[in-house]
Amino acid sequence: MKTLFERSVAGRHCSILPACDVPLKTPDHVRTAPLRLPELSETDISRHYTELAKQTFGVNDGFYPLGSCTMKYNPKINEEAASLAGFTEVHPSQDHVQGCLEVLATAEKYLCEITGMNAMTFQPAAGAHGELTGLMLIKRYHELRGDSARNKIIVPDSAHGTNPASSAMCGFTVVNIPSAEDGCVDLDKLREACGEDTAGLMLTNPNTLGIFDKHIREITDIVHEAGGLCYYDGANLNAVMGIARPGDMGFDCIHLNLHKSFSTPHGGGGPGSGPVGCKSFLEAYLPGEKIVFADGRYQLAERGEESIGAVRSFHGNFLVVVKAFTYLLTLGREGVPKVAQNAVLNANYLKHLLEGTYEVTNKGVCMHEFVLTLEREKKETGVSAMDIAKALQDYGMHPPTMYFPLNVHEALMVEPTETESKETLDAAAAAFLDIYEKAKADPEAMHHTPLHSPIGRPDEVKAARHPVLRYHFDD
Amino acid sequence: MNTPKELKYAKTHEWVRFTSDTECEVGLSDFAQDALGDLVFVNLPETDTEAIRGETICDVESVKAVSDVYAPVSGTVTAVNEDLLDSPELINNDPYGAWLFRLSNVTDTDELLDAEGYEKVCAEEEQ
């Protein structure tokens with residue numbers, strides 16, 4: 001489709017400004033050449049964006065089992081609460097508005113209860129930002145103890161993909177450790193990796209293979225005995241929330257993704273929110289201001305000199321917290337564990353329907369997600385995980401996460417989430433099985449899927465090597 | 001899979017071409033480039049970097065993932081192949097021509113494999 005620049009017609013516009021009634025004075029440093037902005041009527045613009053919207057696929061279009069991304073439905077009541085004028089018409093500097101502070105303080109309390117933490121900051125704007133913030137807390141902890149030789153963060157190969165990058169951003173050296181046969185952390189390898197230079201461990205539990213690590217207390221003990229701290233990546237909290245708490249597993253700090261587990265919009269529909277929680281002994285290092293209730297009202301208190309300082313302005317993406325808080329109020333104490341149970345049930349149901357045909361890496365019961373491997377099919381017939389993912393688009397569903405985790409070849413990671421019905425799961429399974437039959441009968445045809453998407457197979461290599469990121473005018 | 005007999009190899013899929021007793025070129029094996037898929041970025045080490053055998057020296061990115069490159073021997077980086085920065089596909093097209101970096105003062109060569117030994121390692125990984 002055409003870009004806005006290609007739709008542009010010189011002289012066309014959609015608003016008529018009144019003549020300027022103040023004397024015009026142009027400072028010398030102002031550019032005099034006109035900006036080359038596209039010129040369009042309101043009709044053209046509206047149709048352009050509607051056409052773009054039609055080419056996208058979101059949770060509101062259909063099944064979206066993108067593993068480790070928890071693409072659950074975003075309830076409309078969240079949006080309604082976040083649209084209340086009392087929240088939207090407040091400037092962040094009006095930090096005495098009691099309703100806003102109460103939302104933040106109560107959301108902090110609820111989320112601390114769910115995670116087993118003692119304090120939380122809402123400043124981080126997304127998951128990876130939360131990871132960086134959490135690692136900064138760990139760094140601060142070691143620094144203030146004069147334990148400056150601790151420069152290594154241990155990251156198992158089943159951890160979330162952003163963990164190594166966040167560690168490197170924070171100035172740590174990443175030590176990768178392989179998983180054991182059962183997909184859990186290899187305890188011997190962990191013991192070998194731990195030492196006087198260990199700053200901490202980053203772990204996702206359940207991990208990206210959808211396995212809850214049964215040695216979790218042993219893992220955190222090994223790291224603590226070596227003098228390191230344990231960081232919980234909340235990417236997969238949806239599987240255990242309301243049932244098992246990272247704080248009880250021995251983790252010292254965590255981040256949550258409100259745009260995953262707590263039903264706020266994800267990706268382009270964001271923004272995100274990645275609050276960071278910690279145990280009491282790390283609280284003084286948290287960024288931003290603390291909300292306290294004293295003398296009958298909510299007040300803001302400075303964190304003091306030990307704080308790592310602000311990682312974002314004010315209280316982060318406040319309205320996203322309002323949406324997540326609405327979700328928690330909707331679910332209540334009874335509803336939160338039901339989310340986790342249904343997420344696990346849905347994943348196991350879909351896994352059960354697929355595992356006679358596809359090879360599933362999880363041998364017993366999985367948590368909220370499971371991983372298929374197309375390694376055998378790739379070798380025998382040339383049909384890859386990519387081919388299956390592309391073919392699924394023709395069945396009106398979003399493909400699962402591909403080629404991740406890295407420790408599984410030709411991986412497809414499937415996370416249905418709790419908000420999908422049995423009918424949707426049955427239809428998805430039928431699509432998977434139908435594709436498998438077609439792939440067996442005609443492997444070559446699989447390479448040409450999808451047939452009905454606006455974009456079929458973009459040249460990923462060319463896109464990565466020579467990306468075109470701006471419009472080039474002809475003249 | 002192509003595994004030239006005149007080269008040495010590391011278990012971590014780098015090849016080593018000795019140009020004298022203490023100098024060598026290092027690149028990625030055919031097996032490695034095939035497993036990685038189409039390469040889109042190469043991060044090369046800086047010259048004068050001290051390479052330590054078995055430790056990460058640089059990394060490459062394919063359409064699938066970013067992967068570390070390990071130093072197959074110890075030594076000092078004397079040159080890097082800057083052609084790869086603009087044309088990482090050279091590694092896919094000609095893995096044994098597309099050297100990544102050159103080393104001098106080469107030591108720690110005991111664990112290098114010959115072509116036959118390396119092919120066995122690859123065969124085991126295939127299973």
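# A first look at chains A and B

The buried residues of helix α13 of chain A pack against four elements of chain A: strands β12 (401–402) and β13 (411–414), plus helices α14 (422–441) and α15 (443–446). That's a handy place to start in this predicted model. From there, we can step out to chain A as a whole, then over to chain B, where six strands form an open sheet.

**Around helix α13 of chain A**

- Helix α13 covers residues 385–393 of chain A, and eight of those nine residues are buried, so the helix is largely enclosed by the rest of the structure.
- The buried ones run from A:A385, A:M386, A:D387 and A:I388 on to A:A389, A:K390, A:A391 and A:L392.
- Strand β13 of chain A, one of the elements that α13 packs against, has its own buried residues on both sides: A:A411 and A:M413 point one way, while A:L412 and A:V414 point the other way.
- That fits a general pattern: in a regular strand, side chains alternate between the two faces of the sheet.

**Who pairs with β13 of chain A**

- Strand β11 (residues 370–373) of chain A pairs with β13 of chain A in the antiparallel sense, over four bridges.
- Within that pairing, look for A:V371, whose bridge partner in β13 is A:M413.
- Strand β12 of chain A also pairs with β13 of chain A, again antiparallel, over two bridges.
- Here A:M402 is the residue to find, standing opposite A:L412 of β13.

**A contrast: helix α2 of chain A**

- What does a hardly covered helix look like here? Helix α2 of chain A is one: of its 13 residues, the count that are buried is zero.
- Helix α2 takes in residues 42–54 of chain A and reaches 18 Å from its first C-alpha to its last, close to the 18 Å expected at 1.5 Å a residue.
- A:T43 sits in this helix.
- Is A:T43 buried or exposed? A:T43 is exposed, because there are just 9 other C-beta atoms within 10 Å of its own, and a residue counts as exposed at 12 or fewer.
- A:T43 is also a long way along the chain from A:L372: the two are 329 residues apart in sequence, and 46 Å apart in space, going from C-alpha to C-alpha.

**Chain A as a whole**

- Chain A has 16 helices and 13 strands.
- The radius of gyration of chain A is 25 Å, close to the 23 Å that the globule rule gives for 475 residues, so chain A is as compact as a globular protein of that length.
- If you box in the C-alpha atoms of chain A along the principal axes, they fill roughly 75 × 70 × 45 Å.
- Out of the 475 residues of chain A, 42% count as buried.
- Contacts in chain A often link distant parts of the sequence: taking those between residues at least 6 apart, 73% join residues at least 24 apart.

**Two domains in chain A**

- Chain A splits into domain 1 (76–331) and domain 2 (334–461).
- Their C-alpha centres lie 30 Å apart.
- Where the two domains of chain A touch, domain 1 brings 19 residues and domain 2 brings 21 residues.
- The domain 1 side of that contact is made up of ten nonpolar, eight polar and one charged residues.

**The open sheet in chain B**

- Six strands of chain B make an open sheet with antiparallel pairing, in the order β1-β2-β3-β9-β8-β5.
- Which strands are at the edges? The edge strands are β1 (8–9) and β5 (50–51) of chain B, and each pairs on one side only.
- Strand β3 (residues 24–28) of chain B pairs with β9 (residues 101–107) of chain B over three bridges, in the antiparallel sense.
- In that pairing, B:E25 has B:R102 as its bridge partner, and B:V26 stands opposite B:F101.
- Strand β8 (residues 74–80) of chain B also pairs with β9 of chain B, antiparallel and over five bridges.
- B:R102 turns up here too, as the bridge partner of B:A79.

**Where the chains meet**

- Five residues of chain B are in contact with six residues of chain A.
- On the chain B side, those residues divide into three nonpolar, no polar and two charged.

How values were computed
Residues are numbered from 1 along each chain as its sequence is written. Chains are lettered from A and ligands numbered from 1 in the order in which they are written. This is a predicted model: local features need pLDDT of at least 70, side-chain atom pairs count only at pLDDT 80 or more; totals for chains, interfaces and linings use all residues. Domain bounds come from an automatic or database domain assignment. Two residues are in contact if their C-beta atoms, placed from the backbone, lie within 7 Å. Ala, Val, Leu, Ile, Met, Phe, Trp, Tyr, Cys and Pro count as nonpolar, Asp, Glu, Lys and Arg as charged, and the others, Gly among them, as polar. Two strands pair if DSSP finds at least two bridges between them. The expected span of a helix is 1.5 Å times one less than its number of residues. A residue is buried if 20 or more other C-beta atoms lie within 10 Å of its own, exposed if 12 or fewer, and partly exposed in between; C-beta atoms are placed from the backbone. The radius of gyration is taken over C-alpha atoms; the globule rule is 2.2 Å times the number of residues to the power 0.38.
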